[in-house]
Amino acid sequence: MAQGECCCVIWTGLCDHQNGRYAPSGLGIQRANAPAREAMTRGTLMFETNMAGHVRPHDLLGVAHPVPWARELIFRAIPGGGIAMVHRHNDTINHAAIRWTGDGRAHTLRVTYAWDTSKDWARLALEQPERAQVVSNTVHAPNPLLAQDMRDLMLGRGAHTLSREVLFAAISPDIFPIGPTPSLHPATPIATPNGYRPAETLRRGDTVMTAVGDIVPVLHTVRQSVPARGSFRPVRLQAPYFGLARDIVVSPEQRLVLRGSDVEYIFGQEAVLVPARHMVNGHAAIWAAPQTTADYVQILLPGHEALVAAGCALESLYIGRLRRNERDLSASILADMPSRLLPEHAKPIHQVLRQFEAITLVEQRAA
């Protein structure tokens, strides 16, 4: 992938408990007479769910059809935390399971099943966006899915399952990466030594200003198209809150860097990181206008320094020690970057506030 190039994932279906959409040519793409693909030999089925760590077994998402042959795809919550998948295709059955040790509280989990039958490969992955945790298993000898079944699942037709715990589901004919995820609207103005520039225009070798006034080089710019639901649903941060000179749009997981005497008094820290979703309160931050998909970008810096976006300090892309794990790196949006060119981020630059801590800080500032 070239520097700053979009991770070209096209989403053909999206559903939640309000409605469903399916377009063979791609959601939001105006293309007449798009060819219908009967068998999906590669692609990604993604959904997000809210579930606690200890649950009774029950079906979360699935679809079944008896003709022209018996087939069924089902994702099931398993006791103790985790997801099991069963894919029946005529006389063959593929199955996989991933355990997820939780703390008994409800968390959002992102489930991603990606497959490529030409490579005899598939992957079942669980991610917790809030903590940037990923667990994945390889599935061998996968069978293709049928476009008809995915259409029925997205549009709520026939024998399908969509549990109340499922926030959304989406289907793509492409392989969607797992791991670090972009979180800034492409047009977000980023401070550089020569003034503000849209985030999407920054390339390796450019420089940006950090929140503490340093000048650091851009190592990489990543871009991705995602369903505009769940942990991807855009948040609008509104000026003049957070030091903003203008409104900006970010993902719910984009973390703001907040400083001040109240931060030092309450948390004993010079600064803290707060996910944008914790700041949604109807005035300083609101959910952006509904849309089907969203494009996000993010900037990779050497030391995980904080960017300045329209006057607001925001976390840059955090990748931890991804470069040391060949398997995780190859599955990520940074797969085409040589590991020798990637930095190591030992830990987030500041303490990350939990929701109740963020609410305490917001109430303190409103008092």
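This is a short tour of a predicted model, with selections to make in order.

**The β6–β7–β8 strands**

Start with residues 58–65, which form strand β6, and add residues 71–77, strand β7. The two strands run antiparallel and are joined by seven bridges. For one of the pairings, select D59, whose bridge partner in β7 is R76. The connection between β6 and β7 is a hairpin of five residues.

Keep β7 selected and colour it by accessibility: five of its seven residues are buried, so the strand counts as mostly covered.

Next add residues 82–89, strand β8. β8 is antiparallel to β7, again with seven bridges between them. Here A77 has I83 in β8 as its bridge partner. Four residues lie between β7 and β8 in this hairpin, and in the turn G80 has a positive phi of about 85°.

**Helix α1**

Move to residues 147–155, helix α1. Show the side chains of A147, D149, M150, D152, L153 and M154, which are buried. Then step to G156, just after the helix, where phi is positive at about 70°.

**The nonpolar cores**

Which residues touch the most other members of the largest nonpolar core? Select L237 and F242, the two that do so in this set of 34 residues. Centre on L237 and show its contacts beyond four places in sequence: F242, L244, D247, I248, V250, L256, A276, A284 and A285.

Finish with a second core, separate from that one, which has 32 residues. Select L45, V63, A122 and L126, which are among its members. In general, nonpolar side chains of soluble globular proteins tend to be buried together.

Conventions: Residues are numbered from 1 along each chain as its sequence is written. This is a predicted model: local features need pLDDT of at least 70, side-chain atom pairs count only at pLDDT 80 or more; totals for chains, interfaces and linings use all residues. Side-chain values use heavy atoms; hydrogens and water are left out. A nonpolar core is a set of buried Ala, Val, Leu, Ile, Met, Phe, Trp, Tyr and Cys residues joined through side-chain atoms within 4.5 Å. Buried means under 20% relative accessible area, exposed over 50%, partly exposed in between (1.4 Å probe, protein chains only). Contact means heavy atoms within 4.5 Å. Two strands pair if DSSP finds at least two bridges between them.
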